[in-house]
Amino acid sequence: MIVYEYPFNERIRTLLRLEDLYEKFKFFLNQEHALQHHVALATIFDMLEVAGRADLKSDLLQEIERQKQTLMGYRSNPAVQAEMLDAILEELDSVSSALVASQGKTGQNVRDNEWLMSIRGRTIIPGGACDFDLPSYYAWQQQPFEQRYGDIVTWFAPLAPLFDALAIVLRLLRDSGSTKKMIANAGSYQQMLQGKVFQMLRLTVDASLGAIPEISANKYMLWVRFTSQGGDCKPKPLEEDVPFELTLCNF
C-alpha cells in the first residue's frame, strides 16, 4: 500500500516539507561516505530555507498548547485510557519546553558560522563545492566518519527541538482522521466538503494497481484523478475503477 498526503494550507505544506527533509537528513547522516555526509549537510541548508518563516516556532507552540487543552478535556471520559493520555500530555510538555528553550531564530547557529555559510553559498552553484573551490571543506570531508558525524550532529542540535515539535503535531493530525473506503469510478472521484475545514488528506492505494492520484481541493470540493505511468513515466489517465482509502484530517 502507498500513502499519499495532500496539505490543504501553506502551514501544513511547510511542515510536510520539513518532515521530508528531516527523513532525508537522518538517512544520509548515518551513512559513512563523505559524499553522503555532504548531502546531509546540504539538507540542513535546505531546512533553513524552508524554516525561515519567523512565526513557525510560535505556530508550533500555539498548536501544542491547543492540543494540550483539548486532550486535558478528555480526562473525565471513562472511554479514554488515562495512562496513554498522560503519556501524550507529558510528551507535549517536554517538546514544548525544549522548543521554548531554543532561543533565537531557527538555525541561527548555522547562519553565524562563516565557514558553513561559505559552503552554503557554493552549494547553490552546480558543482560549486569542488575541492578547488572549497579546499578546507574538502579537507573536512577526508576526516573519519566519527568526526564528520559528530560535527553534523552538533550543527543540527539547535534545530532538533523544532523537528521534535513538528513530529508530534503531524502525528496528532494524522491520528485525528477516520478512514473510509472509496471507489474512484473510471479513475475519478469527487466529494463535496460543504465548507468543512480540513488540514490534510491521506489517500491509501494498493501499489499493485499502478494508480497515481492527482489531488486538488478547496473548502468546497475534493477532486481526485488517478493516472498511470507508461514506459516513458509520463502520467496517463486511468479509466478503470480504483478502490482506495480516504482519510480527512483536522485538529
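**Group meeting: a four-stranded sheet and two helices**

Leu 203 stands opposite Leu 246 in β8. I start with that pair and work outwards. Please keep in mind that this is a predicted model.

Leu 203 and Leu 246 face each other where two strands meet: β4 and β8, the latter covering residues 242-249, pair in the antiparallel sense over 5 bridges. Strand β4 itself runs over residues 200-205. Is β4 mostly covered or mostly open? It is mostly covered, with 5 of its 6 residues buried.

What pairs with β4 in the antiparallel sense over 6 bridges? That is strand β1, residues 2-7. One position to look at here is Glu 5, which stands opposite Arg 202 in β4.

Now go to β8 again. Strand β2 pairs with β8, also in the antiparallel sense, over 6 bridges. Within that pairing, Ile 183 has Pro 243 of β8 as its bridge partner.

Put together, these strands make an open sheet of 4 strands. The order is β1-β4-β8-β2, and the pairing is antiparallel. At the edges are β1 and β2, the second being residues 179-184, and each of them pairs on one side only. From one strand to the next, the twist averages 30°. As a general reminder, side chains in a regular strand alternate between the two faces of the sheet.

Next, the helices. Helix α1 lies across β1 and β4, and it runs at about 140° to β1. Helix α9 lies across β1, β4 and β8, and its angle to β4 is about 65°. Both helices, then, lie across β1 and β4.

How do α1 and α9 pack against each other? Helix α1, residues 10-29, and helix α9, residues 160-175, pack at an angle of about 120°, and their axes are 10 Å apart. Angles of 65 to 115 degrees would count as roughly perpendicular, and over 145 as roughly antiparallel. The two helices are therefore oblique to each other. The crossing of α1 past α9 is left-handed.

Which residues make that contact? From α1 they are Ile 12, Leu 15, Leu 16, Leu 18, Glu 19 and Tyr 22. From α9 they are Phe 163, Leu 166, Val 169, Leu 170, Leu 173 and Arg 174. By type, the contact has 10 nonpolar residues, no polar ones and 2 charged ones.

To go over the sheet once more: β4 sits between β1 and β8 in the strand order, and 5 of the 6 residues of β4 are buried.

Key: Residues are numbered from 1 along each chain as its sequence is written. This is a predicted model: local features need pLDDT of at least 70, side-chain atom pairs count only at pLDDT 80 or more; totals for chains, interfaces and linings use all residues. Side-chain values use heavy atoms; hydrogens and water are left out. Axes are lines fitted to C-alpha atoms, for helices over the stretch in contact, and angles run from 0 to 180 degrees between N-to-C directions. Angles under 35 degrees count as roughly parallel, over 145 as roughly antiparallel, 65 to 115 as roughly perpendicular and the rest as oblique. A crossing is left-handed if the near helix is turned anticlockwise from the far one by less than a right angle, and right-handed if clockwise. Contact means heavy atoms within 4.5 Å. Ala, Val, Leu, Ile, Met, Phe, Trp, Tyr, Cys and Pro count as nonpolar, Asp, Glu, Lys and Arg as charged, and the others, Gly among them, as polar. Buried means under 20% relative accessible area, exposed over 50%, partly exposed in between (1.4 Å probe, protein chains only). Two strands pair if DSSP finds at least two bridges between them.
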